[in-house]
Amino acid sequence: MTATGGGPMTAQDPTRGDTVAAVVRQWQAVHPDLDTGPMEIIGRVNRCAALLQQAEDAPLRRAGLSRPEFDLLGALRRTGHELTPGELARETFSSGAAVTKRLKALTERGLVERRGDTRDRRVAHVRLTDAGRDLVDGILPEQLAYETSVLSGIDPAHRDELSALLAGLLSRLEGRLGVPRP
């Protein structure tokens, strides 16, 4: 398929030389009877996610944050209220153990505070400190500018189309896996 979406792939097609295309060609040589179409999509989504995670999002790295830590801080900032670790795990699609570990590090840095529930001592409530709120508010515009630059080689209409297609896939996967939606 061409970059415009129809017809056969050409040597100018950017997908012709990516890593996933090479893997697909190898599988087609071994199993020419199998449809590798799903691998072409899911493989590319996974590869893009891995590369984006390896990059560690330059502004976040400069602030000494990992993406998962920023996601926790962002969840607290965008919801505008305290959340329990369990709620943070659901908001960020993380395990409870991972959230606990991240919250410990963020608490030590003075970015979040935990307070016990007055009615149930087993429950903790987490909120941003002023330093945490300032960090999120300061880094968000820079992070969005960085993400915009990552996507800058894609025509805006294609970005909108890609966003819609990924939203459809994500919605289907979340429904299939029983993930609660906000």
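This report goes through the helices, their packing and a few loop residues of a predicted model.

## Overall layout

The chain has 8 helices and 2 strands. From the N terminus on, the order of elements is α-α-α-α-α-α-β-β-α-α. The two strands thus sit between a run of helices and a closing pair of helices.

The chain counts 182 residues, and 23% of them are buried. Contacts in the chain between residues at least 6 apart in sequence were also sorted by separation. Of these, 44% join residues at least 24 apart.

## Helix α1

Helix α1 covers residues 19-30. Its 12 residues, at 1.5 Å a residue, should span 16 Å. The end C-alpha atoms of α1 are 17 Å apart, which agrees with that expectation. At the N-terminal end, D18 acts as a cap. A side-chain oxygen of D18 lies 3.1 Å from the backbone nitrogen of V20.

Which residues of α1 are buried? They are V20, A21 and V24. Their arc around the axis is only 100°, so they lie on the same side of α1. The other side of α1 carries exposed residues: Q26, A29 and V30.

## T36, after α1

T36 is placed in the loop between α1 and α2, where α2 covers residues 37-55. Its relative accessibility is 7%, so T36 counts as buried, the cut-off being under 20%.

Neighbours within four places in sequence are set aside here. Beyond them, T36 is in contact with V24, W27 and Q28. V24 is also one of the buried residues of α1.

## The α4, α5 and α6 crossings

Helix α4 spans residues 67-79, and helix α6 spans residues 96-108. Their axes come within 10 Å and cross at roughly 80°. The two helices, α4 and α6, are therefore roughly perpendicular to each other. On the α4 side, P68, E69, L72 and L73 make the contact. On the α6 side, the partners are V99, R102, L103, A105 and L106.

Helix α5 covers residues 85-92. The axes of α4 and α5 also come within 10 Å, with a crossing angle of roughly 105°. α4 and α5 are therefore roughly perpendicular. Here α4 contributes D71, L72, A75, L76, R78 and T79. L88, E91 and T92 of α5 meet them. L72 appears in the α4 contact with α6 and in the α4 contact with α5.

The third pair is α5 and α6. Their axes come within 9 Å and cross at roughly 110°. That makes α5 roughly perpendicular to α6. The contact involves P85, L88, A89 and T92 of α5, together with G96, V99 and L103 of α6.

## The buried face of α5

Where do the buried residues of α5 fall, seen down its axis? The residues in question are P85, L88, A89 and T92. They fall within an arc of 105°, so they line one face of the helix. The cover over these buried residues includes α4, α6, β1 (112-116) and β2. P85, L88, A89 and T92 also make the α5 side of the contact with α6.

## F93, after α5

α5 is followed by F93. F93 belongs to the loop between α5 and α6. Its phi is near 55°, a positive value in a residue other than glycine. Is F93 buried or exposed? F93 is exposed, with a relative accessible area of 64%.

## A63 and T129

A63 lies in the loop between α3 (58-62) and α4. At 21% relative accessibility, A63 counts as partly exposed. Buried would need a value under 20%. A63 and I139 are 76 residues apart in sequence. In space, their C-alpha atoms are 7.9 Å apart. With neighbours within four places in sequence left aside, A63 is in contact with R109, L135 and I139.

T129 sits in the loop between β2 (124-128) and α7 (130-150). T129 is buried, at a relative accessible area of 9%. Again leaving aside neighbours within four places in sequence, T129 is in contact with G110, L111, V112 and E113.

How values were computed. Residues are numbered from 1 along each chain as its sequence is written. This is a predicted model: local features need pLDDT of at least 70, side-chain atom pairs count only at pLDDT 80 or more; totals for chains, interfaces and linings use all residues. Side-chain values use heavy atoms; hydrogens and water are left out. Helices (H or I, at least four residues) and strands (E, at least two) are DSSP runs, numbered from the N terminus. The expected span of a helix is 1.5 Å times one less than its number of residues. Buried means under 20% relative accessible area, exposed over 50%, partly exposed in between (1.4 Å probe, protein chains only). The arc is that of the directions from the helix axis to the C-beta atoms. A polar contact is a pair of N or O atoms within 3.5 Å; within protein, one must be able to donate a hydrogen and the other to accept it, and residues adjacent in sequence count only if both atoms are side-chain atoms. Axes are lines fitted to C-alpha atoms, for helices over the stretch in contact, and angles run from 0 to 180 degrees between N-to-C directions. Angles under 35 degrees count as roughly parallel, over 145 as roughly antiparallel, 65 to 115 as roughly perpendicular and the rest as oblique. Contact means heavy atoms within 4.5 Å.
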